[in-house]
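New to this one? Let's walk through it together, starting with the whole fold and then zooming in on a single spot.

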Amino acid sequence: MKSYTVDKLSVNIYSDRPEMGAAAAADIAAKIRELLAHRDEINMIFAAAPSQNEVLASLVADESIEWGRINAFHMDEYIGLAADAPQRFGNFLGEHIFDLVGFKSVNYINSENSVEAECERYSALLKAHPISIVVMGIGENGHIAFNDPPVADFGDKALIKPVKLDDICRNQQVNDGCFAEIQDVPEYALTLTVPMLMSGESLFCIVPAKTKAWAVRETLTGSVDEHCPATALRTHPDAKLYLEPDSASLL
């Protein structure tokens with residue numbers, strides 16, 4: 001493993017995806033135990049994407065984690081997909097973690113609700129549950145959650161908002177094997193905003209695959225602004241980035 005720091009961001013490069021996922025999960029579990037040692041419960045946000053498969057599987061397998069003291073949230077959801085569509089992020093998280101361990105509560109974004117009503121409802125939940133830990137990734141265009149460069153706002157006053165997805169983001173969903181072609185990918189989604197994600201006490205960002213190499217390089221070497229929303233990670237006091245040889249190939 002190679003480790004170094006860029007601004008405030010801890011960068012860790014592992015030998016392969018399984019090692020990267022296991023290491024990230026071990027660090028997340030350690031943080032959970034640390035926080036629960038002096039709190040009754042904590043609140044966590046989880047990203048839904050194939051890039052998170054290894055870390056989620058390792059977390060589910062960790063029997064030391066007291067899931068019954070953790071409230072779970074997810075960070076983005078498509079607008080317009082059927083409730084039972086496998087591509088819905090809530091369904092992905094149900095399959096990979098939310099239905100597999102006994103959380104104290106699981107709080108889904110309901111994109112079938114009216115946009116205004118859902119933003120109001122979910123914002124109230126987030127305000128009532130300050131976020132302890134965020135488990136996240138980075139998109140091919142440098143997005144975090146669905147904060148693509150055209151809609152990201154480091155000064156956003158909202159906690160959750162509707163967004164139009166850019167074509168790079170929609171193509172990524174095809175590249176990930178989630179949709180057959182771009183026409184099938186919804187154009188709109190609800191997403192937690194950049195400031196909402198940055199409000200988490202500890203951020204763990206897991207980024208595998210060669211398709212993410214540009215975004216990783218830009219995150220670590222580009223200007224800190226909305227051209228690459230993930231650059232915000234460099235300003236956070238407790239953020240860790242987990243890479244493997246493919247995603248780190250342009251560093």
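What follows goes from the overall build to one residue and its surroundings.

First, keep in mind that this is a predicted model. The protein has seven helices and eleven strands. If you put a box around its C-alpha atoms along the principal axes, that box comes out at roughly 45 × 40 × 35 Å.

So how does the radius of gyration fit with a compact globule? A compact globule of 251 residues would be near 18 Å, and the protein has 17 Å, so the two agree. Buried residues account for 54% of the 251 residues. The chain also brings together parts that are far apart in sequence: of the contacts between residues at least 6 apart, 77% join residues at least 24 apart. As for the outside, the protein exposes about 10,100 Å², and carbon and sulfur atoms supply 51% of that.

Now zoom in on D148. You'll find it in the loop that runs between β7 (133–136) and β8 (160–164). D148 is buried, yet it has no salt bridge. Which side chain of opposite charge is nearest to D148? That's R170, and it sits 8.5 Å away, whereas a salt bridge here needs the charged atoms within 4 Å.

D148 does have a polar partner, though: a polar contact of 3.0 Å joins its side chain to that of N141. Leaving aside residues up to four places away in sequence, D148 touches N141, H143, K164, L165, D166, C169 and P229. So N141 turns up twice, once in the polar contact and once in the list of residues that D148 touches.

Notes
Residues are numbered from 1 along each chain as its sequence is written. This is a predicted model: local features need pLDDT of at least 70, side-chain atom pairs count only at pLDDT 80 or more; totals for chains, interfaces and linings use all residues. Side-chain values use heavy atoms; hydrogens and water are left out. Helices (H or I, at least four residues) and strands (E, at least two) are DSSP runs, numbered from the N terminus. Buried means under 20% relative accessible area, exposed over 50%, partly exposed in between (1.4 Å probe, protein chains only). Lys and Arg count as positive and Asp and Glu as negative; His and the chain ends are not counted. A polar contact is a pair of N or O atoms within 3.5 Å; within protein, one must be able to donate a hydrogen and the other to accept it, and residues adjacent in sequence count only if both atoms are side-chain atoms. Contact means heavy atoms within 4.5 Å. The radius of gyration is taken over C-alpha atoms; the globule rule is 2.2 Å times the number of residues to the power 0.38. Accessible areas come from the Shrake-Rupley method with a 1.4 Å probe; for residues, only the protein chains shown count as cover.
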